[in-house]
Amino acid sequence: ELLRQLIGLSEAEGISLLLESEAAALIEREDLSAPDDELAASDAIIVLGGDGAVLLAARAAARHRTPVLGVDLGRLGFLSAVRPDELADAFDLLLRDGFEIEERMMLDARVLRHDKTAPLPQIPKNSKLATNIGGGIGLNDAVVAKSAIARILKLSIFVEGDLVAETRADGLIISTPTGS
């Protein structure tokens, strides 16, 4: 119902609205479906969902610096600025530049398993001396945890290529101000 309301608001203003393919199929509006990269590069992203949906959209939007407006359909709503009954007013404000864009710090974290023959402080960012195990961009935090096998991890923590700490632990959480 809320998605249909958003479509009606955009059509009334002559605004082009694009939808995730699943959302478009759900309401039988495949004509509005667009690939994820195109959605992420839009003028703005409106998220109808909870904080998890906002976090997912922020990750996709980060590369393009696309603003994200969350309409809270979840239980917590820490990251959403708008309640469902405020959608029409919020849409109008969005069209009229009535929102202030709040920049948020994000993390780009990578987990690298290094070749034991290479000294850690000398491993450049994209070195062949390390295997990229995983990682990505996050608005809240980055979590490194051990596998199901109980063992302690030896962690060497780098920020922008500089070694800042070495420790042994069963995991690590690095949080942004948003995630804290």
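**Exercise 1.** Is phenylalanine 158 buried, partly exposed or exposed?

*Solution.* Keep in mind that this is a predicted model. Start by finding the residue: phenylalanine 158 sits in strand β6, which covers residues 153–159. Next, take its relative accessible area, which is 29%. Now compare with the cut-offs: buried means under 20%, exposed means over 50%, and partly exposed is in between. So phenylalanine 158 counts as partly exposed.

**Exercise 2.** Work out whether the protein chain is a compact globule or more spread out than one.

*Solution.* Begin with the make-up: the chain has 5 helices and 8 strands. Along the sequence they run α-α-α-β-α-β-α-β-β-β-β-β-β. Then look at the radius of gyration, 20 Å, and set it against the 16 Å that the globule rule gives for 180 residues. The value is well over the rule, so the chain is more spread out than a compact globule. You can also look at the box filled by the C-alpha atoms, roughly 65 × 30 × 30 Å along the principal axes.

**Exercise 3.** Find which element gives the most residues to the largest nonpolar core.

*Solution.* First, the core itself: it has 16 residues, and Leu3, Ile7 and Leu19 have the most contacts inside it. Second, list the elements that give two or more residues: α1 (2–13), α2 (21–26), β2 (68–72) and α5 (87–95). Third, pick the top giver, which is α1 with 4 residues. For a closer look, try leucine 3: leaving out residues up to four places away in sequence, it touches Leu19, Ala23, Ile27 and Leu48.

Conventions
Residues numbered from 1 in each chain as written. Predicted model: local features only at pLDDT ≥ 70, side-chain atom pairs only at ≥ 80, totals over all residues. Heavy atoms only, no water. Buried < 20%, exposed > 50% of the residue type's maximum accessible area, 1.4 Å probe, protein only. Core = buried A, V, L, I, M, F, W, Y, C linked by side-chain atoms within 4.5 Å. Contact = heavy atoms within 4.5 Å. Rg over C-alpha atoms; globule rule 2.2 N^0.38 Å.
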